[in-house]
Amino acid sequence: MRVGVVGGGIVGLAVGAELLSRGADVTVYDPAPDGTDGAWHVAAGMLAPGGESVFEFPQLERLLDASNELWPEFAGALGDVGYDAAGTLGVALTADDVTEMAREWKHQKLTPLTGSQLRELSPALSPRIRAGAYSPTERQVDPRRVVSSLRRVLDGHLLRRHISDLSQVDADAVVVAAGCGTAELTGLPIRPVKGQVLRLRGEPGLLTHVIDGAADGRHVYLVPRADGEVVVGATQEERTDRKPTAGGVHDLLRAALDLVPGLAEHELAEVTVGHRPGTPDNAPIIGHFTGNVYVAAGHHRNGVLLTPITARLVADLVLTGTTDSIVDDFTPGRFGCA
Ligand SMILES: Cc1cc2nc3c(=O)[nH]c(=O)nc-3n(C[C@H](O)[C@H](O)[C@H](O)COP(=O)(O)OP(=O)(O)OC[C@H]3O[C@@H](n4cnc5c(N)ncnc54)[C@H](O)[C@@H]3O)c2cc1C
């Protein structure tokens, strides 16, 4: 079967690689198949299925958990992509921060930890931190390395082309996985949600876990890589521009340094802006769209986490016409556009 995948971001590449491994004749279309335009290039790569966004949406929580379980095998097949299973420390600076973060920890059934217990696990944490919790199942991966590996798998199958109309794709089946670009191609309600992210660089080893915290009402996460880079994210703004702002950078740095004062000596190496492909219910759109067209888009804050399961579900659908019922609540049809 000849399959055209529109969009060579993390989702499109993973779908393409899965289809290729099952014998399909795959072409992935992207205006910059070796570029850095997608949200994946900005994303921190937290694999965090338990965030607040799922409190009211158990089907989404199930999908996130299922994809999280696929990550060790998915990463293993791609080589060293920075998959790190050390887990996440949730931390809160003030009493108000504790009240807010505790809802999340309670939902995830995590055991609360005191400030000194947290510092035993991660000595770089500020002595001002009041409380926290350890989540062993919230891990991380480096999305840039994942994309590099997937591009290698798809070598010879990537075509430099912007698709402006799906009729330009000559294939038996078409998968639209164009992130925010999916709206223009399908009319599906996907909107860009701006996020600013910083990359700090210093000596490796300051942090050993992902830190997901609140400091005086400012939310921040710190994702330490083995080479000493620490990714600091992220703002969430209903804007379409690509400008980093003084306020955004200030809020991220202030919260990061409040939680881990030792980061002050790190180099501020990168400030990047990306757009999460958001949907009205903050859940992805995965499934048959119309005719020979399928959609794998709208992954919003969790596109990296959801990559392995999306690839598997879409490949099933395209090649066999059916897949696991876990996807039933995420079809394009729920927005009445198909
Ligand atoms: C600030 C920020 C932080 C994030 N942190 C995390 C995180 O920690 N964990 C997590 O799981 N997720 C995170 N995400 C979300 C994640 O990055 C996205 O959900 C994910 O990248 C979506 O993947 P995608 O392939 O659908 O889209 P993208 O990664 O955006 O890729 C889309 C691709 O489609 C191509 N394209 C677009 N239009 C067309 C067209 N017409 N024709 C051909 N090609 C086209 C683009 O060039 C691009 O290469 C974050 C996102 C942001 C912005």
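Trainee: How many Å separate the centres of domain 1 and domain 2?
Mentor: This is a predicted model, where local features need pLDDT of at least 70 and side-chain atom pairs count only at pLDDT 80 or more, while totals for chains, interfaces and linings use all residues. Residues are numbered from 1 along each chain as its sequence is written. The protein chain is divided into domain 1 (2-79 + 141-190 + 279-335) and domain 2 (88-135 + 192-277), with bounds from an automatic or database domain assignment. Taken over C-alpha atoms, their centres are separated by 27 Å.

Trainee: How many residues of domain 2 are in contact with domain 1?
Mentor: Being in contact means that the C-beta atoms of two residues, placed from the backbone, lie within 7 Å. On the domain 1 side, 22 residues take part, and their partners in domain 2 number 22.

Trainee: Which class has ten residues on the side of domain 1 that touches domain 2?
Mentor: Ala, Val, Leu, Ile, Met, Phe, Trp, Tyr, Cys and Pro count as nonpolar, Asp, Glu, Lys and Arg as charged, and the others, Gly among them, as polar. On this side of domain 1, nine residues are polar and three are charged, and the class with ten is nonpolar.

Trainee: Let's turn to the ligand. How many residues surround the ligand?
Mentor: A residue belongs here if its C-beta atom, placed from the backbone, lies within 6 Å of the ligand. Domain 1 and domain 2 each give at least three residues to this shell. By class, the shell has 22 nonpolar, 17 polar and four charged residues. Gly9, Gly179, Gly181, Gly195 and Gly303 are the closest, and the full count is 43.

Trainee: Which strand gives the most to the shell around the ligand?
Mentor: Strands (E, at least two residues) and helices (H or I, at least four) are DSSP runs, numbered from the N terminus. Helix 1 (10-21), strand 2 (25-30), strand 10 (191-201) and strand 14 (267-278) each supply at least two residues. With four residues, the top contributor is strand 14.

Trainee: How is helix 1 placed against helix 8, and what is that arrangement called?
Mentor: Their axes, lines fitted to C-alpha atoms over the stretch in contact, with angles from 0 to 180 degrees between N-to-C directions, come within 8 Å and cross at roughly 50°. Angles under 35 degrees count as roughly parallel, over 145 as roughly antiparallel, 65 to 115 as roughly perpendicular and the rest as oblique. Helix 1 and helix 8 are therefore oblique.

Trainee: How many nonpolar residues does the contact of helix 1 with helix 8 have?
Mentor: Helix 1 takes part with residues including Ile10, Val11 and Leu19, and helix 8 with residues including Pro308, Ala311 and Val318. Two residues of this contact are polar and two are charged, while the nonpolar ones number eleven.
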